[in-house]
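Me: I would like to go through this structure by question and answer. Please keep each reply short and end it on the value or name asked for.

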Amino acid sequence: MSLSRLNTFLKLAPTATAVRATAAPMQPQRHLSSAQAEPAHGHHFKTLVISTPKPFVFHVELHRPTKLNALNKQMWMEIKECFEGLSTNPDCRAIVVSAAGKHFTAGIDLNDMMNLGQQLAETDDVARKGVIMERMIRLYQDSISSLEQCPKPVITAVHKACIGAGVDLITSADIRYCTDDAYFQVKEVEIGMAADVGTLQRLPKAVGSQSLARELCFTGRRFEAAEAHSSGLVSRVFPDKESLLSGALALAENIASKSPIAVQTTKQSMTYSLEHTNQQGLDHIRLINKLNLQSEDFAQAVAAQLTKDDKPVFAKL
């Protein structure tokens, strides 16, 4: 690239002093309460623990260990609220989801299902029963979809059991890691229902095989980490939970060091392209990049590459 073009890029970018003043890296904070982390308007969560272990990286931990992190109604609601808050939090650029205790999650909390049965019994009208069910299913669907709709990359770190709703959750994420003792199970058929909050739609795309996905969903059989890795459901396997979390957080830190405009646009385009033709995906990214290629992030990153300078520090988004 000519010197004149380099000068053009440099003119587009603010001075290094201004950039560093407006985009100083966050100081890592460990074991924050949800109010301190403020991922969702400062609300306290009872089923999640939020921390910021690295700059611009949020760690969301499922936290019902005595219940094997079974998803009750409160957890469904808090997952949705948490990810909707992180979606617009300028201090968040990447998210790691893990779980406390012995297992990642045992799936849906069946005690909640019993409570639902009691609620349905309060009316004899089938239409009103249908409205109750519609609202519940929509809440659970929106909760899981909040990971996919969040513009920040979401990395799930799975240890031991990931059952039922756990598979819904992780297939809505962008990247999946697990321990070598992890196992997965689409268990809904074993409790007399079809999965209805994302697995049937996302698992076939995650593993790239309709045959395998249908086998797993029709039978409810357990599949181990090795099969999950070979099928593409997870991209890396770690020997234990400690190394799993370390690897997931290192990946999140790497992603968070990149331009937030570049990363979030990449996720938006890849998610859009899953449900559209190649040409529609190309049209979509062209409309976005006609603005984003004029961003200061692009100018700074190109200038840093050309001058072999320090890594650029990007402003919050």
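**Strands, burial and surface**

Me: Which residue takes a positive phi in the hairpin of E1 and E2?
Reply: The model is a predicted one. In it, two residues lie between the strands of the E1 and E2 hairpin. The residue there with a positive phi, near 65°, is Phe56.

Me: In what sense do strand E1 and E2 run, and how many bridges join them?
Reply: E1 covers residues 48-54, and its Lys54 stands opposite Val57 in E2. The two strands run antiparallel, and the number of bridges joining them is five.

Me: How many bridges join strand E2 to E3, and in what sense do the strands run?
Reply: E2 spans residues 57-62, and six bridges join it to E3. Among the facing residues, Phe58 stands opposite Ile95 and Glu61 stands opposite Ser98. The sense in which E2 and E3 run is parallel.

Me: Which residues of E2 point each way, and are they buried or exposed?
Reply: In a regular strand, side chains alternate between the two faces of the sheet. From E2, Val57, His59 and Glu61 point one way, while Phe58, Val60 and Leu62 point the other way. Six of the six residues of E2 are buried, so each has under 20% relative accessible area. For both groups, the state is buried.

Me: Why is strand E3 largely enclosed by the rest of the structure?
Reply: E3 consists of residues 94-99. One side carries Ala94, Val96 and Ser98, the other Ile95, Val97 and Ala99, and both faces are covered. E3 is largely enclosed because its buried residues number six of six.

Me: Which strands stand at the edges of the open sheet with the order E5-E7-E8?
Reply: This open sheet has three strands and mixed pairing. A strand with a single partner has one side left without a neighbour in the sheet, so it stands at an edge. The edge strands are E5 (161-163) and E8 (222-224).

Me: What is the average twist from one strand to the next in that sheet?
Reply: The sheet in question has the order E5-E7-E8. E5 and E7 pair in the parallel sense over three bridges, and the bridge partner of Ile163 in E7 is Gln185. From one strand to the next, the twist averages 20°.

Me: Where is Ile191, and which nonpolar patch residues accompany it on the surface?
Reply: Ile191 lies in the loop between strand E7 (183-185) and helix H8 (199-207). Its relative accessible area is 44%, so it counts as partly exposed and passes the 30% needed for a patch. The patch has about 250 Å² of accessible area together, and its other members are Leu110 and Met193.

Me: How far apart in space are Asp142 and Trp76, C-alpha to C-alpha?
Reply: Asp142 is in helix H6 (residues 126-149) and, at 30% relative accessibility, counts as partly exposed. In sequence, Asp142 and Trp76 are 66 residues apart. Their C-alpha to C-alpha separation is 8.9 Å.

Me: What share of the residues of the protein count as buried?
Reply: The secondary structure comes to 14 helices and nine strands. The protein exposes about 16200 Å², with carbon and sulfur atoms supplying 55% of it. Of its 317 residues, the share that count as buried is 46%.

Conventions: Residues numbered from 1 in each chain as written. Predicted model: local features only at pLDDT ≥ 70, side-chain atom pairs only at ≥ 80, totals over all residues. Heavy atoms only, no water. Patch = residues over 30% accessible without salt bridge, like charges linked within 9 Å, V, L, I, M, F, W, Y side chains within 5 Å. Areas by Shrake-Rupley, 256 points an atom, 1.4 Å probe, with all protein chains shown as cover. Salt bridge = Lys/Arg side-chain N within 4 Å of Asp/Glu carboxyl O. Helix = DSSP H or I, 4+ residues; strand = E, 2+ residues; numbered from the N terminus. Buried < 20%, exposed > 50% of the residue type's maximum accessible area, 1.4 Å probe, protein only. Pairing = 2+ DSSP bridges. Axes fitted to C-alpha atoms, helices over the stretch in contact; angles between N-to-C directions.
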